[in-house]
Amino acid sequence: MSGKPDGCPASPLEPRVQGRSARIATAETFLPFLSPDRRRVNPSSERAALRKTLRQRRRQLSPGQRIAGAEALADRLLALPDLPATGYVAGYWATDGEIGLHAFQIRLPAGLIYCLPLLHADGTLRFAPWRPGDPLVTNRYGIPEPDVHAEGALMAADMHLLVMPLVGFTAQCQRLGMGGGWYDRTLAFRRERPAPPLLVGVGFDEQQTAPIADAPWDIHPDLICTPTRTLHRCPSA
Ligand SMILES: Nc1nc2c(c(=O)[nH]1)N(C=O)[C@@H](CNc1ccc(C(=O)N[C@@H](CCC(=O)O)C(=O)O)cc1)CN2
Ligand SMILES: Nc1ncnc2c1ncn2[C@@H]1O[C@H](COP(=O)(O)OP(=O)(O)OP(=O)(O)O)[C@@H](O)[C@H]1O
């Protein structure tokens with residue numbers, strides 16, 4: 001892959017093990033060893049505080065920054081050397097000030113089919129093709145999703161490229177999401193397997209934060225794209 005940092009594999013499509021050396025021990029690290037009752041107590045108060053700050057910062061961006069940001073992000077995503085020529089691309093319906101994917105969706109090459117996530121009762125995401133005008137329903141979080149049954153929908157493993165929303169990201173390609181664990185549960189299989197799907201976290205530059213303690217379940221995107229930068233996950237970082 002062009003522009004890769006030294007020591008990184010040539011492409012995220014090559015087999016590799018996700019790097020973990022930057023992990024810092026916190027209450028989250030010991031979560032699996034706590035009794036089920038203790039586990040219900042949310043030990044991630046630091047993450048919750050960080051999410052609040054970053055979500056507020058994201059909501060404060062101006063309409064001009066949002067329009068320009070979505071266009072620049074589309075340019076960057078469409079120029080990825082690993083952008084597949086055909087297959088399914090998972091996006092999302094932007095909410096709460098997330099960077100928009102509309103410019104990306106309308107400029108997708110003809111061989112790529114844009115999909116939106118659906119919440120499945122088993123706690124993981126499914127995906128369904130969606131084009132402007134197709135029916136939508138709102139899920140439990142008030143986010144629009146295609147009006148199809150999650151049961152018969154596509155799996156994450158069927159996606160060739162999976163664009164992930166984020167609340168925050170770090171230079172090490174760590175991703176902080178909304179806190180529901182939806183993407184981590186859905187993509188747990190990527191711990192054992194290389195791309196596809198190629199995982200690309202996207203956000204505004206303003207969503208970058210200092211390195212965070214990894215939780216054992218965190219799945220790192222292969223890349224992070226912002227309007228101005230493409231960061232590559234280095235497994236040894
Ligand atoms: N646009 C978008 N779609 C997405 C996600 C996302 O982050 N962004 N998800 C990423 O995983 C999944 C939904 N995950 C979510 C997890 C938590 C909350 C949440 O806490 N929302 C409310 C409070 C809870 C509520 O209303 O019940 C909030 O905004 O504070 C929202 C979505 C699937 N679809
Ligand atoms: N692979 C998994 N198996 C079981 N539970 C998980 C898994 N991944 C995440 N979780 C649960 O999800 C919760 C939220 O995880 P986390 O704070 O990392 O969410 P997030 O990545 O910010 O959210 P999202 O992916 O929905 O945007 C965790 O407290 C954990 O209990």
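## Fold, core and ligand shells of a predicted model

The chain carries 5 helices and 11 strands. The model is predicted. Of its 237 residues, 32% are buried. Take the contacts between residues at least 6 apart in sequence: 72% of them join residues at least 24 apart.

### The sheet

Seven strands form an open sheet with mixed pairing. Their order is β3-β2-β1-β6-β9-β10-β11. β3 and β11 (230–232) are the edge strands, and each pairs on one side only. From one strand to the next, the twist averages 25°.

Three of the pairings are set out below, each with its sense and number of bridges.

| Strand pair | Sense | Bridges |
|---|---|---|
| β1 and β6 | parallel | 3 bridges |
| β6 and β9 | parallel | 5 bridges |
| β10 and β11 | antiparallel | 3 bridges |

Individual residues fix the register. Valine 89 stands opposite leucine 161 in β6. Methionine 164 stands opposite glycine 201 in β9. At the β11 edge, leucine 223 faces histidine 232 across the pairing.

β6 sits between β1 and β9 in the strand order. How many of the residues of β6 are buried? The count is 6 of 7, so β6 is mostly covered. In a regular strand the side chains alternate between the two faces of the sheet.

Helix α3 lies across β9, β10 and β11. Relative to β10, α3 runs at about 145°.

### The nonpolar core

The largest nonpolar core has 44 residues. Cys115, Phe127, Met159, Val163 and Val200 touch the most other members. Seven elements give two or more residues each: α3 (63–78), β1 (87–90), β2 (112–119), β3 (125–129), β6 (159–165), β9 (198–202) and β10 (223–225). Which of these gives the largest share of the core? β6 does, with 5 residues.

Cysteine 115 deserves a closer look. Leaving out residues up to four places away in sequence, cysteine 115 touches Tyr88, Val89, Ala90, Phe127, Ala128, Pro129, Trp130, Leu154 and Met159. Phe127 and Met159 in that list are also among the core members with the most contacts to other members. Val89 is the residue that stands opposite leucine 161 in β6.

### Two ligand shells

Ligand 1 is surrounded by 17 residues. The closest are Tyr141, Pro165, Met178, Gly180 and Trp182. By type, this shell divides into 11 nonpolar, 4 polar and 2 charged residues.

Ligand 2 has 16 residues around it. Gly177, Gly181, Tyr183, Asp184 and Trp217 come nearest. Here the division is 7 nonpolar, 5 polar and 4 charged. Which element gives the largest share of the shell around ligand 2? Helix α5 (residues 182–186) does, with 4 residues.

Glycine 180, listed among the closest to ligand 1, is found in the loop between β8 (175–176) and α5. Is glycine 180 buried, exposed or partly exposed? It has 13 C-beta neighbours inside 10 Å, so glycine 180 counts as partly exposed. Glycine 180 and glycine 123 are 57 residues apart in sequence. In space, their C-alpha atoms are 9.2 Å apart.

### Backbone exceptions

Most residues other than glycine have a negative phi, and most peptide bonds are trans. Several places in this chain depart from that pattern.

Two cis peptide bonds come in succession. One joins alanine 195 and proline 196, with omega about 5°. The next runs from proline 196 to proline 197, with omega near 0°. Proline 196 is in the loop between α5 and β9, and proline 197 lies in that loop too.

Aspartate 96 has a positive phi of about 55°, although it is not a glycine. Its place is in the loop between β1 and α4 (102–106). Aspartate 96 is partly exposed because 13 other C-beta atoms lie within 10 Å.

Cysteine 173 also has a positive phi, near 65°. This residue lies in the loop between β7 (168–169) and β8. Why does cysteine 173 count as buried? The reason is its 22 C-beta neighbours inside 10 Å, as 20 or more are needed for a residue to be buried.

Methods
Residues are numbered from 1 along each chain as its sequence is written. Chains are lettered from A and ligands numbered from 1 in the order in which they are written. This is a predicted model: local features need pLDDT of at least 70, side-chain atom pairs count only at pLDDT 80 or more; totals for chains, interfaces and linings use all residues. A residue is buried if 20 or more other C-beta atoms lie within 10 Å of its own, exposed if 12 or fewer, and partly exposed in between; C-beta atoms are placed from the backbone. Two residues are in contact if their C-beta atoms, placed from the backbone, lie within 7 Å. A residue is near a molecule or strand if its C-beta atom, placed from the backbone, lies within 6 Å of it. Ala, Val, Leu, Ile, Met, Phe, Trp, Tyr, Cys and Pro count as nonpolar, Asp, Glu, Lys and Arg as charged, and the others, Gly among them, as polar. A nonpolar core is a set of buried Ala, Val, Leu, Ile, Met, Phe, Trp, Tyr and Cys residues joined through C-beta atoms within 7 Å. Two strands pair if DSSP finds at least two bridges between them. Axes are lines fitted to C-alpha atoms, for helices over the stretch in contact, and angles run from 0 to 180 degrees between N-to-C directions.
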